[in-house]
Amino acid sequence: MVKLYDEISRTFNEYLLIPNLSTPLCMPEKIDLTTPITRFRPGEAHVRLNIPFVSAIMQAVSDHKLAISLARCGGLSFIYGAQTIDSQAEMIRKVKKFKSGFVVCDSYLSPEHTLNEVLRLKEDTGHTTIAVTSNGKSDGILTGIITSRDYRISRDPLDKKVCHIMTPFEALITGRDGISLNEANDLIWANKLNCLPIVNERQQLVHMVFRKDYEAHKENPFELLDEKKSLLAGAGINTYDYQERVPALLEAGADILCLDSSDGYSTWQYDAITYIKSKFPKGYIGAGNVVDAEGFRYLADAGADFVKVGIGGGSICITREQKGIGRGQATAILEVASTRDKYMEETGIYIPICSDGGIVYDNHIAIALAMGADFVMMGRYFARFDESPGKKLKRGNEYVKEYWGEGSDRAKNWQRYSMSASKDTHFEEGVDSYVPYAGALKDNLSVTISKIKSTMSSCGAASIQEFQKKARITLVSPMSIREGGAHDIILKNKDY
Ligand SMILES: NC(=O)C1=CN([C@@H]2O[C@H](COP(=O)(O)OP(=O)(O)OC[C@H]3O[C@@H](n4cnc5c(N)ncnc54)[C@H](O)[C@@H]3O)[C@@H](O)[C@H]2O)C=CC1
Ligand SMILES: O=c1[nH]c(=O)c2[nH+]cn([C@@H]3O[C@H](COP(=O)(O)O)[C@@H](O)[C@H]3O)c2[nH]1
Ligand SMILES: [K+]
């Protein structure tokens with residue numbers, strides 16, 4: 001006989017938080033949003049995020065650019081796994097190598113190139129500073145630098161050679177590899193430079209530091225860093241090629257891996273986790289997705305460092321329609337969180353859980369945390385920002401960005417599907433869409449964080465842990481949801 005659950009499957013929008021006593025101890029500026037992302041016993045070291053946000057394992061969301069931007073704000077990206085092992089590892093390397101204020105040069109020419117090529121390169125990259133090296137590539141010996149102040153298009157012939165345009169190496173002021181951003185800036189100011197090339201002992205260009213970037217790159221107090229001061233990087237993996245992919249990602253510097261699947265309650269995930277944990281005991285790996293107690297326990301027992309919760313709730317998801325599997329996200333989080341707490345009582349091990357998908361309003365994040373999630377994973381939210389890989393387009397009077405599901409045809413996950421199903425029987429589990437363009441990640445995240453802190457302050461909580469202990473949540477009727485929006489008024493156009 002089929003098991004029929006007594007309770008209805010519910011979503012975040014059906015709940016509200018009831019305020020608790022607020023005191024000076026939980027003023028927004030005192031609130032601590034750090035949160036665990038790997039399993040631990042009380043008192044044991046574990047990895048923590050500085051803010052409870054990770055970005056989705058999706059081609060339209062998490063590449064190295066978004067990963068850098070999010071880690072600089074204190075969160076973590078899981079770089080998408082639906083690409084070759086080499087290109088995913090390269091993205092991880094870019095995150096790990098990123099040094100605030102130290103720019104990796106993308107424009108190289110050799111001394112034999114001409115002004116014509118200088119202009120063409122400038123057009124391609126949009127950058128005016130060009131490094132001149134012995135072989136015209138990044139690994140050549142640095143022989144000079146060209147900036148737009150070195151030539152006059154109206155006077156100089158287009159076939160003038162680069163060696164006659166550049167400022168030669170001997171005349172350059174350079175910084176040595178390994179200097180701090182402050183030291184670099186002191187050199188820039190002392191010598192009235194616009195750009196300081198950072199050069200290693202083999203006279204190769206390692207980075208460039210620009211005067212105009214200084215303000216933007218001053219220390220960021222929430223940056224998520226490892227002990228070598230590199231940003232943390234996460235990576236999505238699958239249950240097929242992990243024996244080759246995982247060593248390459250770890251070698252590239254990936255800090256935390258996550259198995260990426262709509263359905264994590266499978267022997268494939270168990271095998272992948274136990275294999276990875278036995279080969280790389282120091283590696284961290286999250287798993288999922290699950291929506292109930294059994295799925296959670298299965299992955300926890302396998303050794304998962306965190307468990308991801310959510311089937312079919314994502315904005316681009318059609319899994320519930322296609323396969324009829326899933327569960328309301330709030331109900332799933334409530335059940336998994338209470339199982340996690342029981343698991344902690346039984347074993348002494350705390351396993352963080354991640355609420356993945358379906359965050360529409362910022363208040364949903366607060367509700368997910370209050371219900372026991374340690375952090376949330378978002379796709380749509382991050383896809384809207386400058387840093388995401390999707391194209392920015394104009395539609396009518398509005399700017400939008402592309403956002404497509406990992407189960408959509410666009411994502412062309414053929415490699416994975418081809419192993420379990422033929423192309424003839426393949427069906428889509430996600431859609432291709434647009435999301436409204438929203439600007440820079442940092443600006444939007446600051447507003448979201450400020451709302452969450454304000455919610456926590458109202459609920460008398462100065463940390464996520466305290467929030468989870470104290471929160472009181474009520475189910476609301478469809479009529480009270482209506483009451484919660486602006487109603488029975490005539491809204492003015494907001495053009496002031
Ligand atoms: N969170 C969600 O609700 C959903 C997420 N997605 C996303 O779409 C992408 C694809 O997800 P899935 O289709 O679930 O990928 P998947 O690779 O986990 O599963 C595809 C199929 O292969 C089977 N399978 C997995 N490992 C296997 C192995 N080693 N040998 C043989 N068969 C195996 C699975 O049971 C399933 O039938 C992911 O990025 C996922 O996050 C897709 C649908 C829903
Ligand atoms: O049914 C699905 N078909 C897809 O093609 C798909 N792609 C991603 N995902 C999942 O959705 C999450 C992101 O959800 P949001 O956009 O709501 O943040 C992600 O983190 C995934 O869990 C998919 N689900
Ligand atoms: K399953």
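Here are three short exercises on this predicted model, each with a worked solution.

**Exercise 1. Which domains does the protein chain have, and how far apart are their C-alpha centres?**

Start with the domain assignment: domain 1 comes in two stretches, 12-100 and 221-477, while domain 2 covers 108-217. Next, take the distance between the C-alpha centres of domain 1 and domain 2, which is 40 Å.

**Exercise 2. Find the partners of strand E11 (residues 195-199) and say which way each pair runs.**

Take strand E10 (residues 175-176) to begin with. E10 and E11 run parallel and are joined by two bridges; you can spot Arg176 bridging to Val199 in E11. Now turn to strand E12 (residues 205-210), which pairs with E11 in the antiparallel sense over five bridges. Here Pro197 has Met208 in E12 as its bridge partner. Finally, look at the link: E11 and E12 make a hairpin with five residues between them, and Gln203 in the turn has a positive phi of about 60°.

**Exercise 3. What surrounds ligand 2, and how do the shell residues divide by type?**

Look at the 25 residues around ligand 2 and pick out those that come nearest: Gly314, Cys317, Gly405, Gly407 and Gly430. Then check the elements: strand E18 (375-378) and helix H11 (380-383) are the ones that give two or more residues to the shell. Last, sort the shell by type, and you get nine nonpolar, twelve polar and four charged residues.

Methods: Residues numbered from 1 in each chain as written. Chains lettered and ligands numbered in written order. Predicted model: local features only at pLDDT ≥ 70, side-chain atom pairs only at ≥ 80, totals over all residues. Near = placed C-beta within 6 Å. Helix = DSSP H or I, 4+ residues; strand = E, 2+ residues; numbered from the N terminus. Nonpolar A, V, L, I, M, F, W, Y, C, P; charged D, E, K, R; others polar. Domains from an automatic or database assignment. Pairing = 2+ DSSP bridges.
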